[in-house]
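Got your viewer open? Let's take a walk through this one together, one selection at a time.

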Amino acid sequence: MMQHHVVSDDFLGKWQQTTNVMAGIFDVPAGLIMRVWPEQIEVLVSSHTPGNPYEAHEKANLSTGLYCETVMATRDVLQVPHALEDEHWQDNPDVALNMISYLGVPLLWPDQEVFGTICVLDSKKRLYQERYVALLWEIKRAIEADFKVMAQQQELIAGNAQLRDANQALARSNEELKAALEKINTMQVDLLRAEKMSALGKLVAGIAHELNTPIGNGLMLASTLKSNAVDITRELEAGVTRKRMQDFIDGVNQGADILLHSLGRAGELVTSFKQVAVDQSSMRRREFGLEKTCGEILVALGPTIRKSGHEVVCEVPDDIVMDSYPGALEQVLINLVNNALLHAYPSGLAGRIRITARSDADDWVEIGVIDDGVGISPANLARVFDPFFTTRLGQGGSGLGLSVVYNQITSALGGSVRVDSELGHGARFTLRLPRIAPKEVA
Ligand SMILES: Nc1ncnc2c1ncn2[C@@H]1O[C@H](COP(=O)(O)OP(=O)(O)OP(=O)(O)O)[C@@H](O)[C@H]1O
Ligand SMILES: [Mg+2]
């Protein structure tokens, strides 16, 4: 509501001068600017003129028959030349102050609400000429122009406050965003750590479980052999038949075979586990050319490849230089190539395995290990990276190869791996690695 606007001292000072001049021109003791409040009317500005009975800031109750009430109600000029000669005005409150003549016009806010009045009062009969009335309207319009400026100033101030509030809100939400981001970052580090831990933990639990069987079998056999030996020693004193002796020897042989097998299996598992448990921090990080590393792998695998009768080719451009862990990458590629040699060509047909690479502008390197073998069934495709998933159980497969691959790629090398395959159309393992490996997550 406009009524509640505070009128600044600047405007009050200006209007004081206006009322002073006005009182002088009209030659009256009182020139007033009145402001209406909900229940009362206030002398906002009172001319500094001799004999002026009104003081600024004094208030009078409304509904008491004041001249100004009529002006505000009709929103029109009111002229009372002589209240005491006028039945309607002779008892109005201003008469008590000896103000018996009145000329006033309404003051309106820009939104047409009533602000109050501007008026002149005198202690004697006055009949103002038309041009004096016109002058009062002009003064009114000048003050109303000031109202507009006031309103605009208020809007500016309010707008400013709003801007300030909005700015503060923005700053606050920026702070919150920053805090949230920091939290997410630390959470991500924690998650990475937890994931690494749980992957390792799962492997350890799995390994322990797997080792249980061959070692348990071995223990049982060893104790059977031992008690068999005790038996035969006792029987030997009494003399044994040739048949009994042969049975004993057969038993020892069989037991030794199974024992060898079990311990061999345990040994295999321990070897695979050693691969899994490679401590990343002890792995050497350095710059290396990808093509050279690829060549070294082919040399290392040379005997195996020749024996397999398949062909392995390196299609890596010679300008990719990585700053990463060559040991981990070699381990990964050897595993993938070995898998292709072992699993992709059961029929014995000669196959062709390709290692490809390309780098993109964002410093990522994509490496492919692609074979043209039997492929992987959709059901198995989702499980090949699981620890202990193997289709060669009991034929030397532990099912750890690809889980090691996965761990190395996602932790030390900081990348990702996917496999695509269709039965009968080969398999393709795609690695996406940062050319520069991330700093180690402790
Ligand atoms: N290139 C491939 N073509 C077809 N099948 C594959 C290929 N690579 C992996 N597989 C399948 O994924 C399974 C899991 O592979 P993974 O390397 O984890 O274990 P594995 O080779 O069986 O045993 P390990 O590597 O521990 O000796 C394999 O048993 C095989 O069925
Ligand atoms: Mg394997």
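Start with the largest pocket: select Asn339, Leu342, His343, Thr390 and Gly401, which lie nearest its centre among the 37 residues that line it. Keep in mind as you click around that this is a predicted model. The volume of this pocket comes to about 890 Å³.

Now colour the elements around the pocket. Those giving two or more residues to its lining are helix 4 (242-276), helix 6, strand 11 (364-371), helix 8 and strand 13 (427-434). Which element gives the largest share of the lining? Pick out helix 6, as it supplies 9 residues. If you colour the lining by class, you should get 15 nonpolar, 19 polar and 3 charged residues.

Next, show ligand 1. Where does it sit? In the largest pocket, the one you've just been looking at. Two elements give two or more residues to the shell around ligand 1: helix 6 (326-343) and helix 8 (401-410). Helix 6 turns up again with the largest share, this time 3 residues of the shell.

Select the shell itself. There are 19 residues around ligand 1, and the ones that come nearest are Asn339, His343, Thr390, Thr391 and Ser398. Sorted by class, the shell holds 8 nonpolar, 10 polar and 1 charged.

Time to zoom in on some atoms. Try these stops, one by one:

- Asn339: an N or O atom in its side chain is 2.8 Å from an oxygen atom of ligand 1.
- Thr390: here the distance from a side-chain N or O atom to an oxygen atom of ligand 1 is 2.5 Å.
- Gly399: look at the backbone this time, where an N or O atom lies 3.0 Å from an oxygen atom of ligand 1.

Switch on a surface now. How much of ligand 1 does the protein cover? On its own, ligand 1 has 600 Å² of accessible area, and the protein covers 90% of that.

Let's leave the ligand and visit two loops. Select His57, in the loop between strand 2 (40-46) and strand 3 (59-61). Check its backbone angles: His57 isn't a glycine, yet it has a positive phi of about 75°.

For the last stop, go to the loop between strand 10 (352-359) and strand 11, where you'll find Asp363. What is the sign of phi at Asp363, positive or negative? Positive, at about 70°, although Asp363 is not a glycine. You've already met strand 11 on this tour, among the elements that line the largest pocket.

Conventions: Residues are numbered from 1 along each chain as its sequence is written. Chains are lettered from A and ligands numbered from 1 in the order in which they are written. This is a predicted model: local features need pLDDT of at least 70, side-chain atom pairs count only at pLDDT 80 or more; totals for chains, interfaces and linings use all residues. Side-chain values use heavy atoms; hydrogens and water are left out. A residue is near a molecule or strand if one of its heavy atoms lies within 4 Å of it. A polar contact is a pair of N or O atoms within 3.5 Å; within protein, one must be able to donate a hydrogen and the other to accept it, and residues adjacent in sequence count only if both atoms are side-chain atoms. Accessible areas come from the Shrake-Rupley method with a 1.4 Å probe; for residues, only the protein chains shown count as cover. On a 1 Å grid over the protein atoms alone, a cavity is a set of points where a 1.4 Å probe fits but cannot get out, and a pocket is an open set with protein on both sides within 12 Å along at least five of seven lines; lining residues have an atom within 4 Å of a point. A molecule sits in a cavity or pocket if more than half of its atoms lie within 2 Å of its grid points. Helices (H or I, at least four residues) and strands (E, at least two) are DSSP runs, numbered from the N terminus. Ala, Val, Leu, Ile, Met, Phe, Trp, Tyr, Cys and Pro count as nonpolar, Asp, Glu, Lys and Arg as charged, and the others, Gly among them, as polar. Grid points are joined across faces, edges and corners, and a volume is the space filled by probe spheres set on the points.
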